[in-house]
Each structure stands twice: as structure tokens, then as C-alpha cells.
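Open the model in your viewer and keep the sequence panel visible. The tour below goes from stop to stop, with something to select at each one.

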Amino acid sequence: MSTTDKRVRDYCLRTNIDLILIGIVVAGYSYPVDGATTENTTTVTHEESQAEVAVHAVFFPWFAQLLGIVVYYVLSRYARAIPFTAMMFLIGLAIGIAVELSPNETKNVAAASADIWMQIPGELLLMIFLPGLLYVDAYGIDVHLFFKSFSQVFVFAFPMVLAGTALTALVAYYIFPFQWPFDLCMTFGAILSATDPVAVAVLMNELGAP
């Protein structure tokens, strides 16, 4: 890694510019599409409410980062046997259920911000997070080791995933008592058989694997 790359990375980590950019994108997305074409009919109250929504949208990424730091600190020192990813999943699930069940009149800033993020389409989240995640893994990969193990990676990433999808679909179709159609069983198998490369990469780095 060159000196310029290290400076850019250190600057991003020090200023959290990635979270700022994400908040700006989400804040812009929270405005309605027809707001620009109906400026004459937009009231001051509506503009103030939209500005408040934009501010709330920026809050949740910072809250999630702080929560992740606290959880990682506690687990790394007092509960090493509990996986960090699983714990964050349970916490996120609990936050989502609490936001959905709480009435709108009693929602605080954190709940309102989480509610904004929950309404964002999945395609937008992929466009925001996936390029950065892929870039980080591709940038830090060992090229020699990648080409040396390419055949094994290809087998596990393509035919073995298809085999896992088919086997999971057969189990859901013939063993589960839900009487799902086979198309739904294949969808269920595709969801469960696909691995999370980001979680695997993080786990390998924590274990010190090459």
C-alpha cells in the first residue's frame, strides 16, 4: 500500500467521511421526487418537516457504528464465544421489531431515523454498500494465492452453491410441513445456501488466515 493510499485511508477513518456521504445520499433520497416541480405549492411546514427527516436520516449510521463498537468491545473482552455478527443481527432484529411496534407519536430520534432506513429499497442499499465492500476485499487480496486456489474457489462458489440450493429446496419440499410450491422452496434454498463473503473475510482476518 502506497503512502498516498495510507493517507487517504487514515483520513477517511479519522473523519468518518464514508458515513457522511452515506447520510447525504439517504437525506437526499428522503425527499419526494415531485418536490422540485411543485415549489410554489410547497408550504413552509412541509419544508421544515422534510429537513427534520433529512437530519434524522443522518443519525442512524452514527448510532449503528457506535453500537457496533460497544458490542465488539464487550464481546472481545467478556464473551469471546459469542459471534459478533450474530449478536449484531439479533440487535438489529430487536431494533426493527421495536420500531415497527412503537406508535408514530412516541418515536424518538433514533426510532425515526431507523424507520427512515427501513423504508429504503434494498437496491439502493446495495448500490451504497456493495461497491465499497467489494473494493476493500479486492484491494487487500493476495493475487498469487487467489490464482493458486482459483479452481477450489470456483467449485465452492458456483456448483457447490447450486447443489446446496437444490438440497435445501428438497428438504423444504419433502420434509417441511408447510406445503410450499417447489419454486418457493428453491428460493428458500438460494437464500440459505449463499454465503456472506464479507462475514467470511472478516472472520478469516480475525483468525489471522492468509
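Are helix 4 and helix 5 roughly parallel or roughly perpendicular to each other? To find out, select residues 84-101 for helix 4 and residues 109-118 for helix 5 in this predicted model. Their axes come within 10 Å and cross at roughly 100 degrees. Angles from 65 to 115 degrees count as roughly perpendicular, and helix 4 and helix 5 are therefore roughly perpendicular to each other.

Now show the side chains where the two helices meet. On the helix 4 side, pick I95, G96, V99 and E100; on the helix 5 side, pick A111, A114, D115 and M118. Sorted by class, the residues of this contact are five nonpolar, one polar and two charged.

**The whole chain**

Zoom out and colour by secondary structure. The protein chain has eleven helices and zero strands, and read along the sequence its pattern is α-α-α-α-α-α-α-α-α-α-α. Of its 210 residues, 16% count as buried. If you switch on a surface, the accessible area of the protein chain is about 15700 Å², and 70% of that belongs to carbon and sulfur atoms. Among contacts in the protein chain with a separation of 6 or more, 51% are between residues 24 or more positions apart.

**Colour by confidence**

Next, colour by pLDDT. The average for the protein chain is 76, and 67% of the residues score at least 70. Which elements have the lowest and the highest mean pLDDT? Select residues 17-29 for the lowest: this is helix 2, with a mean of 56. Then select residues 159-174 for the highest: this is helix 9, with a mean of 93. Over residues 29-42 the pLDDT is below 50, and this stretch has twelve contacts in the model beyond near neighbours in sequence. Where pLDDT is low, the predicted coordinates should not be read in detail.

**Helix 8 and helix 9**

Select residues 150-157, which form helix 8, and keep helix 9 in view. The axes of these two helices come within 3 Å and cross at roughly 20 degrees. Angles under 35 degrees count as roughly parallel, and helix 8 and helix 9 are therefore roughly parallel to each other.

For the contact, show F154, V155, F156 and A157 in helix 8, and P159, M160 and V161 in helix 9. By class, this contact has seven nonpolar, no polar and no charged residues.

**From helix 9 to helix 10**

Stay in helix 9 and select T165. Is T165 buried or exposed? Buried means under 20% relative accessible area, and T165 is buried because its value is 8%. Leaving out residues up to four places away in sequence, T165 touches M186, G189, A190 and S193.

One of those partners, M186, is the next selection, and M186 is found in helix 10. At 30% relative accessibility, M186 counts as partly exposed. With the same neighbours in sequence left out, M186 touches T165, A166 and A169. Draw a distance between the C-alpha atoms of M186 and L170: these residues are 16 apart in sequence and 8.2 Å apart in space.

F188 also lies in helix 10. What does F188 touch, not counting residues up to four places away in sequence? Show T168, A172, F176 and W180 to see its contacts. F188 is partly exposed, with a relative accessible area of 24%. For a second distance, join the C-alpha atoms of F188 and A169, which are 19 residues apart along the chain and separated by 6.7 Å.

**Last stop: a loop residue**

Finally, select Q179, in the loop between helix 9 and helix 10 (182-193). Most residues other than glycine have a negative phi. Q179 is not a glycine, yet its phi is positive, at about 55 degrees. Is Q179 buried or exposed? Q179 counts as exposed, because its relative accessibility is 74%.

Key. Residues are numbered from 1 along each chain as its sequence is written. This is a predicted model: local features need pLDDT of at least 70, side-chain atom pairs count only at pLDDT 80 or more; totals for chains, interfaces and linings use all residues. Side-chain values use heavy atoms; hydrogens and water are left out. Axes are lines fitted to C-alpha atoms, for helices over the stretch in contact, and angles run from 0 to 180 degrees between N-to-C directions. Helices (H or I, at least four residues) and strands (E, at least two) are DSSP runs, numbered from the N terminus. Angles under 35 degrees count as roughly parallel, over 145 as roughly antiparallel, 65 to 115 as roughly perpendicular and the rest as oblique. Contact means heavy atoms within 4.5 Å. Ala, Val, Leu, Ile, Met, Phe, Trp, Tyr, Cys and Pro count as nonpolar, Asp, Glu, Lys and Arg as charged, and the others, Gly among them, as polar. Buried means under 20% relative accessible area, exposed over 50%, partly exposed in between (1.4 Å probe, protein chains only). Accessible areas come from the Shrake-Rupley method with a 1.4 Å probe; for residues, only the protein chains shown count as cover. pLDDT is the predictor's confidence in each residue, from 0 to 100.
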